[in-house]
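Q: Please take a close look at a single residue in this predicted model, and set out its surroundings in connected form. Begin with the place of the residue, then widen the view to the parts around it.

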Amino acid sequence: MRAGLRLQSWASTLRWVEPPNLHLTLAFLGDQPLALIQSLQRKLLAPLAPLPVFQLHSHCLSTFPDAKSSIVALEFHGCDALELLKAEVDEALRQSGLVPD
């Protein structure tokens, strides 16, 4: 997909994220203490371990109009496995006193 997007006329104005830094945002946490992040990681290990591997299917590119820089995001169609993953993350956030977005 990246190769195809790079062929677009507007693609030369983008700074591409290196593959090791690609990620799927399930909840935006902002700046949080390292201890809280480590606690969330521990809380999520057991519930996420049995979840099956699944494929995501993209449906559009979008931007963040209120961001300080031009950010382009690839959006995906929802699926049952993704919804289950999001539910587990949201529960861990609630248990840690954070409000899921």
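**A close look at Lys-86**

A: Lys-86 is found in helix H3, a helix that spans residues 80-95. The model is a predicted one, and its chain has 3 helices and 2 strands, arranged along the sequence in the pattern α-α-β-β-α.

The exposure of the residue comes next. Lys-86 has a relative accessibility of 19%, and because the cut-off for a buried residue is under 20%, Lys-86 counts as buried. In the chain as a whole, buried residues make up 20% of the 101 residues.

The charged end of the side chain has a partner in its own helix. Lys-86 and Asp-90 meet through their side chains in a salt bridge, with a distance of 2.8 Å from N to O. Both residues lie in helix H3, where they are 4 residues apart, or about one turn of the helix. Asp-90 is buried as well, with a relative accessible area of 12%, so this salt bridge joins two residues that both count as buried.

A polar atom of the Lys-86 side chain also lies 2.6 Å from the backbone oxygen of Leu-26. If residues up to four places away in sequence are left aside, Lys-86 touches Leu-26, Ala-27 and Asp-101. Leu-26 therefore appears in the surroundings of Lys-86 both through its backbone oxygen and in the list of contacts, for which heavy atoms must come within 4.5 Å.

Two of these neighbours, Leu-26 and Ala-27, lead on to the nonpolar part of the chain. They belong to the largest nonpolar core, which has 11 residues and also includes Leu-36, Leu-40, Leu-44, Leu-82, Leu-85, Val-89, Ala-92, Leu-93 and Leu-98. The elements that give two or more residues to this core are helix H2, residues 34-48, and helix H3. Helix H3 supplies the largest share, 5 residues. Leu-85, one of the core residues, touches Leu-26, Leu-48, Leu-51 and Phe-54, again without counting residues up to four places away in sequence. Leu-26 is thus a contact of Leu-85 and also a contact of Lys-86.

The other salt bridge can be set beside that of Lys-86, since the count for the model comes to 2 salt bridges. Arg-94 forms a salt bridge with Glu-91, and the closest N and O atoms are 3.4 Å apart. Arg-94 and Glu-91 both lie in helix H3, 3 residues apart, which is about one turn of the helix. Arg-94 is partly exposed, with a relative accessible area of 46%, and Glu-91 counts as partly exposed at 34% relative accessibility. The pair of Lys-86 and Asp-90 is therefore buried on both sides, whereas the pair of Arg-94 and Glu-91 is partly exposed on both sides.

Two values for the chain complete the setting of Lys-86. Among contacts between residues at least 6 apart in sequence, 54% join residues at least 24 apart. The accessible surface of the chain comes to about 7,900 Å², and 58% of it belongs to carbon and sulfur atoms.

Technical notes
Residues numbered from 1 in each chain as written. Predicted model: local features only at pLDDT ≥ 70, side-chain atom pairs only at ≥ 80, totals over all residues. Heavy atoms only, no water. Buried < 20%, exposed > 50% of the residue type's maximum accessible area, 1.4 Å probe, protein only. Areas by Shrake-Rupley, 256 points an atom, 1.4 Å probe, with all protein chains shown as cover. Salt bridge = Lys/Arg side-chain N within 4 Å of Asp/Glu carboxyl O. Core = buried A, V, L, I, M, F, W, Y, C linked by side-chain atoms within 4.5 Å. Polar contact = N/O pair within 3.5 Å; in protein donor to acceptor, adjacent residues only side chain to side chain.
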